[in-house]
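Subject: Structure handover

Hello,

Here is the structure I promised to pass on. Please open it first, then read the notes below it.

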Protein chains: 2
Amino acid sequence: MSTDPLPADRVPMTALPQARQSHARREEVLAAAAECFMRRGYEATSMDDVADALGATKGRVYHHFPSKPDLFFEVYRRAMEILMQGAAPAMADAGTAERRLFGLAKAHTLAMMESQTFQRSLTLGVDLYRFGSPSDEHKVVLEDLMRLRFTYEDLFRKVFAEGQADGSLKVPDPSLAMRTILGALNWVAVWYSPRPGEDRPHRDKLAEQIVETVLGGYLAPRSG
Amino acid sequence: MSTDPLPADRVPMTALPQARQSHARREEVLAAAAECFMRRGYEATSMDDVADALGATKGRVYHHFPSKPDLFFEVYRRAMEILMQGAAPAMADAGTAERRLFGLAKAHTLAMMESQTFQRSLTLGVDLYRFGSPSDEHKVVLEDLMRLRFTYEDLFRKVFAEGQADGSLKVPDPSLAMRTILGALNWVAVWYSPRPGEDRPHRDKLAEQIVETVLGGYLAPRSG
């Protein structure tokens with residue numbers, strides 16, 4: 001069974017080191033699984049593959065996650081958590097919708113770079129939802145995960161609607177705008193690979209270049 | 001062994017119907033394989049899956065393609081052929097680079113809709129190239145396929161450079177422009193599913209809306 005560490009104020013001090021250790025090991029399993037799913041796809045990845053990638057026994061993987069679907073769902077959920085957390089400060093910007101869109105898009109791009117293996121699970125999850133044959137129990141979970149995704153996408157729709165209202169954005173169709181902008185940025189998780197020695201300031205700069213390119217479009221301003 | 005039909009002028013008339021039949025059957029195998037690869041990924045798809053999807057024997061699949069990699073490579077090659085053929089008329093447009101970019105992007109978007117299962121193989125191919133462990137022989141083929149992709153991407157880079165020269169496009173970095181625009185459009189193959197009764201005029205219109213959204217960007221024109 002998976003055991004997230006309890007909040008620190010509910011855990012006796014003597015128990016903390018073990019809970020932390022367990023949490024760290026669970027995180028290692030998750031990261032290895034995300035990498036395996038990215039490389040081989042959902043169907044072809046086995047719990048053995050994840051154990052091999054960790055250099056651990058299959059027992060260690062099962063200790064934290066009862067099944068491959070549970071492991072995959074947690075990778076997907078984590079990817080969505082990273083996106084939602086990145087979006088929160090951007091959504092809190094009290095300026096124009098354009099500023100919020102820039103912040104949302106930049107946080108999304110950084111997530112594609114910095115949690116690439118997790119983010120690649122999002123497409124796999126959609127394919128699993130559309131084409132897989134999950135058990136009834138897993139179907140319910142997948143539907144929850146799709147709702148998480150819609151909730152996140154709705155942030156973009158909301159900002160586009162606000163941008164129409166405050167005049168800072170030019171959006172004939174907020175849904176199409178959301179899909180195309182997310183496509184351009186999601187694709188970063190397909191082509192991006194970090195350069196040797198790359199650090200956060202480099203990624204920040206690259207993310208801003210990408211977002212400026214996408215938001216600004218590709219056409220020269222019309223004269224007249 | 002795979003047998004493409006010979007050019008008509010080299011085939012005795014009596015042999016044509018059989019060659020055509022063989023060609024049609026080979027196309028069915030390819031289409032079934034593209035669908036399987038999209039649904040389950042490269043690694044998890046077996047020749048048995050392709051045969052099952054066809055309602056045929058595995059022997060029929062092997063009759064046309066000697067191995068799974070050969071079958072996958074042909075799906076990928078076909079996807080690239082469709083893109084290159086779609087790009088040709090757009091590249092021949094003698095107007096501004098903006099017109100050529102619009103034509104390229106629209107043809108690309110239509111390909112994502114109309115040959116979706118084939119186009120989804122492009123990401124699988126890149127992952128196979130980056131993460132797979134192909135034989136030496138297959139590695140050579142994969143490198144050829146990556147070159148096909150670069151050749152296609154170069155069309156976009158070329159048009160962006162021309163657009164800087166003729167003033168119709170606004171492109172600080174042609175490579176980043178190519179990657180972001182293709183990302184936005186490639187994503188169509190992830191989210192698109194045809195509506196009942198949808199025909200070419202509908203797809204044409206949707207493709208134009210997508211391309212106008214992407215090329216024009218999301219920001220309202222600055223006043224002053």
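How far apart do the C-alpha centres of domain 1 of chain A and domain 2 of chain A lie? They lie 24 Å apart. Please keep in mind that this is a predicted model.

First, the layout of chain A. Chain A has eleven helices and zero strands. Read from the N terminus, its elements are therefore α-α-α-α-α-α-α-α-α-α-α. Along the principal axes, the C-alpha atoms of chain A fill a box of roughly 70 × 45 × 35 Å.

Next, the domains. The assignment splits chain A into domain 1, residues 1–66, and domain 2, residues 67–216. Where the two touch, domain 1 of chain A gives 21 residues and domain 2 of chain A gives 15 residues. Between them they bury about 1600 Å². Of that area, 74% is on carbon and sulfur atoms. Which residues of domain 1 of chain A lose the most area to domain 2 of chain A? They are A:Phe37, A:Met38 and A:Tyr42. Together these three make up 40% of what the domain 1 side buries.

Now one helix pair. Two packed helices are described by the angle between their axes and the distance between the axes. Take helix H5 of chain A, residues 97–114, and helix H9 of chain A, residues 174–186. Their axes come within 9 Å. They cross at roughly 35°. The crossing of H5(A) past H9(A) is right-handed. On the H5(A) side, the contact is made by A:Leu101, A:Ala105, A:His108, A:Thr109 and A:Met112. On the H9(A) side, A:Ile181, A:Leu182, A:Leu185 and A:Asn186 take part. By class, this contact has six nonpolar residues, three polar ones and no charged ones.

Last, the two copies. Two copies of a chain are related by a rotation about an axis and a shift along it. Here, a turn of 180° with a shift of 0.0 Å along the axis lays chain B on chain A, at an RMSD of 0.0 Å. The two copies are thus related as by a two-fold rotation axis. Through which surface do the copies meet? Of the interface residues of chain B, 100% are also interface residues in chain A, so the copies meet through the same surface.

Best wishes

Methods: Residues numbered from 1 in each chain as written. Chains lettered and ligands numbered in written order. Predicted model: local features only at pLDDT ≥ 70, side-chain atom pairs only at ≥ 80, totals over all residues. Heavy atoms only, no water. Least-squares fit on C-alpha atoms with pLDDT ≥ 70 in both. Contact = heavy atoms within 4.5 Å. Axes fitted to C-alpha atoms, helices over the stretch in contact; angles between N-to-C directions. Helix = DSSP H or I, 4+ residues; strand = E, 2+ residues; numbered from the N terminus. Left-handed = near helix turned anticlockwise from the far one by under 90°. Nonpolar A, V, L, I, M, F, W, Y, C, P; charged D, E, K, R; others polar. Domains from an automatic or database assignment. Buried area = accessible area lost by both parts, 1.4 Å probe.
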